[in-house]
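Visitor: I am new to this structure. Please give me a close look at one topic, the salt bridges, and then show me what surrounds them.

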Amino acid sequence: FFLAFFKVFDFQADNVKNQYEHFISLWRSHVAMVADRFIERRQEVTEEGLLEESLGDLHCELLDGFLSWRQRFLECESAGFEHMDGE
């Protein structure tokens, strides 16, 4: 995925590497939080479950942040953008 950014968009190799490392750091943090949640709920902790749920949680967190930013941006009259119907 990150290699595609480098090849398709001609991003600088160091920037791609930094973004990859940042993503892995975020994912590891979410894995730890999911593991704590599983243990707290007395659920079985499996590698597959941790990786899958933590990636889903990270995706939601990042998407929620973007959607919140976009909403605030669209509400700013000085931005000059109109809110599209259905969004």
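Guide: Here is a short orientation, then the salt bridges, then their surroundings.

This is a predicted model: local features need pLDDT of at least 70, side-chain atom pairs count only at pLDDT 80 or more, and totals for chains, interfaces and linings use all residues. Residues are numbered from 1 along each chain as its sequence is written, and side-chain values use heavy atoms, with hydrogens and water left out.

Start with the overall plan. The protein has three helices and zero strands. Along the sequence, the pattern reads α-α-α. Helices (H or I, at least four residues) and strands (E, at least two) are DSSP runs, numbered from the N terminus. How confident is the predictor in the protein? The mean pLDDT is 86, and 87% of residues reach 70 or more. Here pLDDT is the predictor's confidence in each residue, from 0 to 100. Helix α1 (residues 2–9) has the lowest confidence, with a mean of 83, while α2 has the highest, at 93.

Now the salt bridges. The term means a side-chain nitrogen of Lys or Arg within 4 Å of a carboxyl oxygen of Asp or Glu. How many does a search of the whole structure find? It finds three.

Take Glu21 and Lys17. Their side chains meet in a salt bridge, at 3.9 Å from N to O. Both residues lie in helix α2 (residues 13–40). They are four residues apart, about one turn of the helix. Glu21 counts as partly exposed because its relative accessibility is 42%. The cut-offs are these: buried means under 20% relative accessible area, exposed over 50%, and partly exposed in between (1.4 Å probe, protein chains only).

Next comes Arg37. Glu53 forms a salt bridge with Arg37, and their closest N and O atoms are 2.8 Å apart. This pair links distant parts of the chain. Glu53 sits in helix α3 (residues 47–75) and Arg37 in helix α2, 16 residues apart. Glu53 is partly exposed, at 30% relative accessible area. Arg37 is partly exposed too, at 24%.

Asp57 also forms a salt bridge with Arg37, with the closest N and O atoms 2.6 Å apart. Asp57 lies in helix α3 and Arg37 in helix α2, so the pair ties together parts that are 20 residues apart in sequence. Asp57 has a relative accessible area of 26%, so it is partly exposed. Put these pairs together: Arg37, Glu53 and Asp57 are linked in a network of salt bridges.

What else touches Glu53? Phe38 does. Leaving aside neighbours within four places in sequence, Phe38 is in contact (heavy atoms within 4.5 Å) with Gln43, Glu44, Val45, Gly49, Leu50 and Glu53. Phe38 also belongs to the largest nonpolar core, alongside Val31, Val34, Ala35 and Leu50. Such a core is a set of buried Ala, Val, Leu, Ile, Met, Phe, Trp, Tyr and Cys residues joined through side-chain atoms within 4.5 Å. Helix α2 gives the most to this core, with four residues. In soluble globular proteins, nonpolar side chains tend to be buried together. Across the protein, buried residues make up 14% of the 87 residues.

Helix α2 has a part in the largest pocket as well. It gives the most to the pocket's lining, with four residues. Among the lining residues are Phe1, Phe5, His22, Phe23 and Leu62.

Finish at the loops. Asp10 lies in the loop between α1 and α2. Arg42 is found in the loop between α2 and α3. Phi of Asp10 is near 60°, a positive value in a residue other than glycine. Phi of Arg42 is near 60° and likewise positive. Most residues other than glycine have a negative phi. Are these loop residues buried or exposed? Asp10 is exposed, at 65% relative accessible area. Arg42 counts as exposed, at 76%.

Key: 1 Å grid on protein atoms, 1.4 Å probe; cavity = no way out; pocket = protein on both sides within 12 Å on 5 of 7 lines; lining within 4 Å.
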